[in-house]
Amino acid sequence: MATTLNHPAAFLLPAAPDSDPTASIKTAPAENPLPRATLGDMGLATAVTGPAEFPLTILVQPFDPTGISGLDPGSVRVFLWDAKAGALEPVWNSGVNVDLGYVWSKIRRPGIYIPIGLPRDPVIREFLSDLAKQRIYASTDSAEEMKAITQNAVAAFLAVPEEDVAQVRKLVAVAHVHAAPQPTAREHFELGRGMHVLGFKLPQNAPLDEFTARMKALETPTGGLPEEALFFRPEVDRNVTSLKLGPEFLFPGPWPFPFPICLLLSQDWYMYHADRQHTGGAQGCSGISSTSVGGMALRHAVAANGTISSIPTIVQGKVYIGTDKSLYKINVATGVVEHTFTVASRPSYQPGIGGSPAVIGGKVFFTAVPGFVYCLDAGTFALQWVTDLRNADASRNQPVNNPQADSWTGPLVVNGKVYVGCGEGESGGWGFVYCLNATNGHVIWLFSTNKFSGGGDNNPNVIPASAAMSPLPPGFSTHPDPPTGVSVWSSPAYDPGTNRIFVGTGNSSNGDFNPNPDTPYGSGVLALDANTGAFKGFFSPPASDSYRANDTDVDVCGSPAIFHHAGKTVVAIGSKSGAFWLLDASNINNVMARRNMLPYDANTNAPLPNVDPHPTPNENLWGVFGTPAVHFGLHRLFVGVGGYGGIGDIASTPFMRAIDWGNLGDVWATHVDTIGANHVSRYVVPRPPMYTTNEAGLSSPAVVNDVVFVSTNKPGLYALCANTGLCLWQAAGLAGGFILGPAVYDKYVVVGAGSQVFIYSI
């Protein structure tokens, strides 16, 4: 008996700003013109009417869950009825989001649009694959020969006794259950007595006899069955080998499909936010794209021995990630833990590891929050050296005693040097930026982030007198203690053009209770010479950049991203206050653009009453805590929004901004909506997941080809179309708290959440 499907109505979304497709384009339910020409349709068809050609538009076709039952979601594409040719032609720029329950396609023409996919059942799928190959080898345009190929293949399949087909389907399904790295949901199987697996469900939950009747009734259109084309999708893996020139050969990748130039680049995501400029872009070649990401699935959920508070690093197929107890090395393909290293413990803000490791030259460099910097052999995890930032050690040329030297930094490693930050300024401790020798951990230089009284800016290697060892090693000196300490939460980024490092700073103890400007060098951005540590500038944000002028405790806690634009090297960075800036790397006080990422009234430009609400000076819990991702092809930045206070005002605030990398304006389509007594410009396309829950983008997004990944504190992990904002996929199986950001390597996306490492792949 045929299943009755109840599909919701299709609708249109703008693919570009300032576009309203509903003004001239209409949708209506339709029938498949070739109902007997496919085994993989979802019982869903939509007629689109309008001009003969229109601007690129997103067609969204919600579906009854039964419609996709028995189909492989990663294979589903939309087909357009070509009446003249009498065939269904694939619209390759299409896909499916199973969790949100819709098929999407980017279209420019009217017509009837029909989603079609390949069966999950390997036996039926292999039948269709052989049929497609036979048709290619036949090399004929004869309708009669095309029909004969289908009839002969169907006859051969149906000649096998039904009970034998059922037995083979059962054996294959049971083998899958036992061999799959992650359990397959029960809903995908036909189950017998005692919940025994009988086989994968067939399309639309059809019983075998009904499905074989459909096979007998197949009518072959011009070119063959439409789903045969799905075996030859454009994004199917090329099986190429990267030459892997390594991190010193970085240059922006093209878009959307960086081939063959990507062959020259390593795929390694080798330090915090991918690279030494912290751009958050996948390296080398990747098969992840807007049309393939809908088929991404959880491959491994690896249990760890503690809470994860950092973004993974992935090098040569190994995931490096820390917990509040240990550093892990995990095989990304198998999920096998290959090594662990337990870090030293002592009282601190939190135990363990709070930053991403850097893996360079066969060594792993990482910090532990209680003030240690480690170097391990990447192959064996044997300790190479450890430098203590709390206790002076002449053997490491480390001259500072600093009991509050907590370190959350993901080390920057470049040109044989390791750069880290430390300090708990608001707890009365001192803050520093350290440059260490990568070979032995010896201190090359340090810079005090606590500005000394009496004159100009600090010089490197000058230490608050109360913190200095005695006698001091050569090259270091002391100064009377400054009035306040300043912490360093972020990871330094490196610009080879100026040979400078750039790092955000936390608030001083004074900034804990007072709005900006903070006491130098608090709540701003430092520029230092990479070789000597010489001061090259400090950007101190004014109170007017904060969402509310009485915002306090406005750490610049995220790391900068560095890129080139309009002949300038740009330092892009945000603040807990919601402020975001583009700064000139050659002069950090030259603000090229500024904007607050939190929403304002579109008519009055006034702050919204439910965003960052506090009548008296207080902390902003909802701003920018992470690092932007840079999309070089689209000239865009993606910025996570929201903090440990959640998203704040759910209806008005997106958990990520997509902005132009020159003027910081929104690049996805927006519409001014009435929210209470206010008028708010909101993104049109990414609803849901935005504007629906209190989940915050306290994270650093990542980009690969035409996809941007963003994680939230739900915990959630989403893949959005970088061009339009359409939600293409969302992760299943996540548990735990904040996810501080994904790492992308080849076909894999990896996050840490709670006490597990989740590995997804297409």
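This is a short talk on a few local features of the structure shown above, beginning with how far the model can be trusted.

What we have on the screen is a predicted model, and its confidence score, the pLDDT, averages 93 over the chain, with 96% of the residues scoring at least 70. There is, however, a stretch that needs care, namely residues 238-258, where the pLDDT is below 50, although this stretch has 48 contacts in the model beyond its near neighbours in sequence. Where pLDDT is low, the predicted coordinates should not be read in detail, and I will therefore leave the details of those contacts alone.

Let me turn to the aromatic rings. How many aromatic pairs does a search of the whole structure find? The search finds 26 of them, and I have picked two to look at with you. In the pair made by Phe189 and Phe200, the ring centres are 4.8 Å apart and the planes meet at 35°, an arrangement that is called tilted. This pair links distant parts of the chain, since Phe189 belongs to strand β10, residues 189-191, while Phe200 belongs to strand β11, residues 197-200, and the two are 11 residues apart. Phe189 counts as buried, with a relative accessibility of 6%, and Phe200 is buried as well, at 5%.

The other pair is Trp668 with Tyr683, which is edge-to-face, with 5.3 Å from centre to centre and 65° between the planes. Here too the pair links distant parts of the chain, 15 residues apart, with Trp668 in the loop between β39 and β40 and Tyr683 in strand β41, residues 678-683. Are these two residues buried or exposed? Trp668 is buried at 2% relative accessibility, and Tyr683 is buried at 1%.

Rings can also gather in groups, and one aromatic cluster in this model is formed by Phe341, Phe366, Phe372 and Tyr374. A ring may also have a charged partner: Arg682 lies over the face of Tyr691, at 4.9 Å from the ring centre.

Next come the cysteines. How many disulfides are counted in this model? The count comes to 0, and Cys721 and Cys727 can serve as an illustration. For Cys721 the closest cysteine sulfur is that of Cys727, yet it is 11 Å away, and because a disulfide needs the two sulfur atoms within 2.5 Å, that is too far for a bond. Seen from Cys727, the closest cysteine sulfur is the one in Cys721, again at 11 Å. Both residues are buried, Cys721 with a relative accessibility of 1% and Cys727 with 0%.

I would like to finish with two single residues, Thr552 and Ser586. Thr552 sits in strand β31, residues 551-552, and counts as buried at 3% relative accessibility. Leaving aside neighbours within four places in sequence, Thr552 is in contact with several residues, including Gly511, Asp512, Phe513, Pro617 and Asn620.

Ser586, by contrast, is placed in the loop between β34 and β35, and is partly exposed, with a relative accessible area of 46%. Outside its neighbours within four places in sequence, Ser586 is in contact with Thr498 and Arg500, and its side chain also makes a polar contact of 2.8 Å with the side chain of Asp584. Finally, if you want a sense of scale, Ser586 and His178 are 408 residues apart in sequence, and their C-alpha atoms are 58 Å apart in space.

Key: Residues numbered from 1 in each chain as written. Predicted model: local features only at pLDDT ≥ 70, side-chain atom pairs only at ≥ 80, totals over all residues. Heavy atoms only, no water. Helix = DSSP H or I, 4+ residues; strand = E, 2+ residues; numbered from the N terminus. Buried < 20%, exposed > 50% of the residue type's maximum accessible area, 1.4 Å probe, protein only. Contact = heavy atoms within 4.5 Å. Polar contact = N/O pair within 3.5 Å; in protein donor to acceptor, adjacent residues only side chain to side chain. Phe/Tyr/Trp six-rings, centres within 6.5 Å; stacked < 30°, edge-to-face > 60°. Lys NZ or Arg CZ within 6 Å of the ring centre and 35° of its normal. pLDDT = per-residue confidence, 0-100.
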